[in-house]
Amino acid sequence: LAKNGVRMTQAYVSCPYCSPTRAGLNTGRYQTRFGHEFNEPGPAGREDFGLPLGEKTIADRLKPLGYATGAIGKWHLGFSASRRPMQRGYDEFYGTLANTPFIKPTNFVDSRKSPDPQPMADPNFYTTDAYARRAEEFIAAHQRQPFFLYLPFNACHVPAQAPQKYLDRFPQITD
(Lines give C-alpha, C1' and ligand atoms only; values in the text may rest on other atoms or scores of the structure.)
Protein backbone atom coordinates (compact mmCIF):
# COMPACT_ATOMS: atom_id res chain seq x y z
CA LEU A 1 0.00 0.00 0.00
CA ALA A 2 2.73 2.46 0.92
CA LYS A 3 4.54 1.82 -2.36
CA ASN A 4 1.40 2.93 -4.19
CA GLY A 5 1.01 6.11 -2.15
CA VAL A 6 -1.13 5.08 0.82
CA ARG A 7 0.54 5.32 4.20
CA MET A 8 -1.36 4.66 7.40
CA THR A 9 0.74 5.97 10.24
CA GLN A 10 -1.82 6.14 13.04
CA ALA A 11 -4.66 3.91 14.07
CA TYR A 12 -6.96 3.66 17.02
CA VAL A 13 -9.66 1.29 18.10
CA SER A 14 -11.58 1.60 21.34
CA CYS A 15 -11.91 -2.14 21.92
CA PRO A 16 -10.17 -5.26 20.59
CA TYR A 17 -13.32 -7.04 19.49
CA CYS A 18 -16.59 -6.74 17.64
CA SER A 19 -19.74 -5.38 19.24
CA PRO A 20 -18.18 -2.85 21.64
CA THR A 21 -16.15 -1.35 18.80
CA ARG A 22 -19.31 -1.03 16.70
CA ALA A 23 -21.03 0.66 19.65
CA GLY A 24 -18.20 3.16 19.99
CA LEU A 25 -18.15 3.90 16.28
CA ASN A 26 -21.92 4.35 16.03
CA THR A 27 -22.17 6.64 19.06
CA GLY A 28 -18.85 8.45 18.94
CA ARG A 29 -18.44 7.59 22.63
CA TYR A 30 -16.29 5.21 24.62
CA GLN A 31 -18.53 2.18 24.99
CA THR A 32 -17.25 1.56 28.52
CA ARG A 33 -19.03 4.76 29.56
CA PHE A 34 -22.41 3.22 28.82
CA GLY A 35 -21.78 -0.41 29.72
CA HIS A 36 -21.22 -2.04 26.34
CA GLU A 37 -17.89 -3.78 26.89
CA PHE A 38 -18.66 -7.33 25.78
CA ASN A 39 -19.88 -9.40 22.85
CA GLU A 40 -23.04 -11.44 23.15
CA PRO A 41 -23.07 -14.93 21.63
CA GLY A 42 -26.00 -14.35 19.29
CA PRO A 43 -29.74 -13.79 18.94
CA ALA A 44 -30.46 -16.47 21.56
CA GLY A 45 -28.64 -14.33 24.12
CA ARG A 46 -30.11 -11.76 26.49
CA GLU A 47 -33.12 -9.82 25.20
CA ASP A 48 -31.60 -6.57 26.47
CA PHE A 49 -28.23 -7.12 24.78
CA GLY A 50 -27.12 -4.35 22.50
CA LEU A 51 -26.54 -0.68 22.26
CA PRO A 52 -28.41 0.89 25.21
CA LEU A 53 -31.63 2.52 24.05
CA GLY A 54 -30.64 5.86 25.58
CA GLU A 55 -27.57 6.16 23.35
CA LYS A 56 -27.87 8.14 20.12
CA THR A 57 -26.24 6.82 16.96
CA ILE A 58 -24.68 8.88 14.21
CA ALA A 59 -27.73 7.95 12.11
CA ASP A 60 -30.03 9.32 14.85
CA ARG A 61 -28.16 12.61 14.57
CA LEU A 62 -27.92 12.82 10.77
CA LYS A 63 -31.46 11.76 9.88
CA PRO A 64 -33.11 14.97 11.25
CA LEU A 65 -30.61 16.95 9.18
CA GLY A 66 -32.03 15.45 5.98
CA TYR A 67 -29.64 12.57 5.45
CA ALA A 68 -30.78 9.24 4.06
CA THR A 69 -29.29 6.64 6.41
CA GLY A 70 -28.44 3.05 5.65
CA ALA A 71 -26.73 0.18 7.44
CA ILE A 72 -25.47 -2.71 5.34
CA GLY A 73 -23.55 -5.62 6.82
CA LYS A 74 -23.12 -7.09 10.27
CA TRP A 75 -25.02 -5.23 13.00
CA HIS A 76 -24.23 -7.01 16.30
CA LEU A 77 -25.65 -4.15 18.39
CA GLY A 78 -28.89 -5.81 19.46
CA PHE A 79 -31.23 -8.52 18.28
CA SER A 80 -34.60 -7.55 19.74
CA ALA A 81 -36.90 -5.40 17.56
CA SER A 82 -36.21 -2.24 19.59
CA ARG A 83 -32.45 -2.55 19.11
CA ARG A 84 -32.27 -3.20 15.38
CA PRO A 85 -30.87 -0.59 12.97
CA MET A 86 -34.29 0.65 11.82
CA GLN A 87 -35.02 1.68 15.42
CA ARG A 88 -31.59 3.27 15.84
CA GLY A 89 -31.84 5.95 13.15
CA TYR A 90 -31.24 3.92 10.02
CA ASP A 91 -33.82 4.16 7.23
CA GLU A 92 -32.72 0.84 5.76
CA PHE A 93 -30.87 -2.26 6.92
CA TYR A 94 -29.57 -5.09 4.78
CA GLY A 95 -27.49 -7.55 6.72
CA THR A 96 -27.23 -9.86 9.68
CA LEU A 97 -27.96 -9.14 13.30
CA ALA A 98 -24.95 -11.16 14.56
CA ASN A 99 -22.14 -13.46 13.43
CA THR A 100 -23.29 -15.75 10.69
CA PRO A 101 -22.02 -17.94 7.89
CA PHE A 102 -20.89 -15.94 4.87
CA ILE A 103 -22.72 -18.25 2.52
CA LYS A 104 -26.48 -18.46 3.08
CA PRO A 105 -26.39 -16.38 6.30
CA THR A 106 -28.68 -16.77 9.28
CA ASN A 107 -30.53 -13.96 11.13
CA PHE A 108 -30.61 -11.94 7.89
CA VAL A 109 -32.74 -8.82 7.54
CA ASP A 110 -33.66 -6.87 4.42
CA SER A 111 -35.78 -4.06 5.85
CA ARG A 112 -37.23 -3.32 2.41
CA LYS A 113 -39.02 -6.67 2.73
CA SER A 114 -39.46 -7.15 6.50
CA PRO A 115 -38.07 -5.71 9.73
CA ASP A 116 -37.65 -9.28 11.03
CA PRO A 117 -35.00 -11.87 10.20
CA GLN A 118 -35.99 -14.07 7.28
CA PRO A 119 -34.57 -17.41 6.17
CA MET A 120 -32.09 -17.09 3.34
CA ALA A 121 -33.40 -19.09 0.39
CA ASP A 122 -30.53 -18.51 -2.05
CA PRO A 123 -27.89 -21.24 -1.46
CA ASN A 124 -25.29 -19.12 -3.35
CA PHE A 125 -25.79 -15.93 -1.33
CA TYR A 126 -22.34 -14.67 -0.23
CA THR A 127 -22.41 -11.76 2.21
CA THR A 128 -19.27 -9.96 1.00
CA ASP A 129 -20.48 -9.71 -2.59
CA ALA A 130 -24.11 -9.04 -1.62
CA TYR A 131 -23.17 -6.23 0.77
CA ALA A 132 -21.01 -4.57 -1.89
CA ARG A 133 -23.83 -4.74 -4.47
CA ARG A 134 -26.39 -3.40 -2.00
CA ALA A 135 -24.03 -0.55 -1.02
CA GLU A 136 -23.72 0.42 -4.69
CA GLU A 137 -27.52 0.44 -4.96
CA PHE A 138 -27.89 2.58 -1.85
CA ILE A 139 -25.33 5.13 -3.05
CA ALA A 140 -26.90 5.30 -6.52
CA ALA A 141 -30.38 5.79 -5.04
CA HIS A 142 -29.24 8.62 -2.76
CA GLN A 143 -26.51 10.29 -4.81
CA ARG A 144 -28.44 13.53 -5.20
CA GLN A 145 -29.00 14.06 -1.49
CA PRO A 146 -26.91 13.87 1.65
CA PHE A 147 -26.55 10.28 2.82
CA PHE A 148 -24.75 8.26 5.45
CA LEU A 149 -23.96 4.61 4.84
CA TYR A 150 -22.63 2.41 7.64
CA LEU A 151 -21.02 -0.57 5.87
CA PRO A 152 -19.44 -3.09 8.26
CA PHE A 153 -18.44 -6.12 6.22
CA ASN A 154 -18.20 -9.35 8.17
CA ALA A 155 -15.19 -10.52 6.15
CA CYS A 156 -12.78 -10.28 9.10
CA HIS A 157 -14.85 -12.72 11.15
CA VAL A 158 -15.12 -16.46 11.38
CA PRO A 159 -16.22 -18.69 9.84
CA ALA A 160 -13.68 -18.26 7.05
CA GLN A 161 -15.76 -19.03 3.97
CA ALA A 162 -15.68 -18.08 0.31
CA PRO A 163 -17.44 -19.17 -2.86
CA GLN A 164 -15.60 -21.64 -5.05
CA LYS A 165 -14.78 -18.94 -7.63
CA TYR A 166 -12.56 -17.23 -5.03
CA LEU A 167 -11.08 -20.45 -3.67
CA ASP A 168 -10.08 -21.41 -7.22
CA ARG A 169 -7.74 -18.40 -7.32
CA PHE A 170 -5.56 -20.03 -4.66
CA PRO A 171 -5.35 -23.75 -5.48
CA GLN A 172 -2.08 -24.09 -3.55
CA ILE A 173 -3.94 -23.42 -0.26
CA THR A 174 -5.59 -26.68 0.71
CA ASP A 175 -6.75 -26.07 4.28
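Thr-100 touches Pro-105, Thr-106, Asn-154, Val-158 and Pro-159, leaving aside residues up to four places away in sequence. The model in which these contacts occur is a predicted one. Thr-100 lies in the loop between strand 2 and strand 3. With a relative accessible area of 4%, Thr-100 is buried, because buried means under 20%. A polar atom of the Thr-100 side chain lies 2.6 Å from the backbone nitrogen of Thr-106.

**Backbone angles**

Most residues other than glycine have a negative phi. Lys-104 departs from this pattern, with a positive phi near 55°. Lys-104 is placed in the loop between strand 2 and strand 3, and at 40% relative accessibility it counts as partly exposed.

His-76 also has a positive phi, near 55°, and is a residue other than glycine. Its place is in the loop between strand 1 and strand 2 (92-96). At 4% relative accessibility, His-76 counts as buried. A glycine, Gly-28, takes a positive phi of about 75° just after helix 1.

**Helix 1 and its surroundings**

Helix 1 covers residues 18-27. Eight of its 10 residues are buried, so the helix is largely enclosed by the rest of the structure. These buried residues are Cys-18, Ser-19, Pro-20, Arg-22, Ala-23, Gly-24, Asn-26 and Thr-27. What do the buried residues of helix 1 pack against? Their partners are helix 2 (58-62), strand 1 (68-74) and strand 4 (147-150).

**Salt bridges**

How many salt bridges does a search of the whole structure find? The search finds eight. Among them are the three pairs set out below, each with the distance between its N and O atoms.

| Salt bridge | N to O distance |
|---|---|
| Arg-29 and Glu-55 | 2.7 Å |
| Asp-116 and Arg-84 | 2.9 Å |
| Arg-134 and Glu-92 | 2.2 Å |

The first row of the table concerns Arg-29, which forms a salt bridge with Glu-55. Arg-29 and Glu-55 each lie in the loop between helix 1 and helix 2, so the pair ties together parts that are 26 residues apart in sequence. Arg-29 is partly exposed, with a relative accessible area of 37%, whereas Glu-55 counts as buried at 12% relative accessibility.

The side chains of Asp-116 and Arg-84 likewise meet in a salt bridge. This pair links distant parts of the chain, 32 residues apart: Asp-116 is in the loop between strand 3 and helix 3 (127-141), and Arg-84 is in the loop between strand 1 and strand 2. Asp-116 counts as partly exposed at 36% relative accessibility, while Arg-84 is buried, with a relative accessible area of 10%.

In the pair of Arg-134 and Glu-92, the closest N and O atoms are 2.2 Å apart. Arg-134 lies in helix 3 and Glu-92 in strand 2, so this salt bridge ties together parts that are 42 residues apart in sequence. Are Arg-134 and Glu-92 buried or exposed? Both residues are buried. Arg-134 and Glu-92 also belong to a network of salt bridges in which Asp-110, Arg-112 and Glu-137 are linked with them.

Technical notes: Residues are numbered from 1 along each chain as its sequence is written. This is a predicted model: local features need pLDDT of at least 70, side-chain atom pairs count only at pLDDT 80 or more; totals for chains, interfaces and linings use all residues. Side-chain values use heavy atoms; hydrogens and water are left out. Buried means under 20% relative accessible area, exposed over 50%, partly exposed in between (1.4 Å probe, protein chains only). Helices (H or I, at least four residues) and strands (E, at least two) are DSSP runs, numbered from the N terminus. Contact means heavy atoms within 4.5 Å. A polar contact is a pair of N or O atoms within 3.5 Å; within protein, one must be able to donate a hydrogen and the other to accept it, and residues adjacent in sequence count only if both atoms are side-chain atoms. A salt bridge is a side-chain nitrogen of Lys or Arg within 4 Å of a carboxyl oxygen of Asp or Glu.
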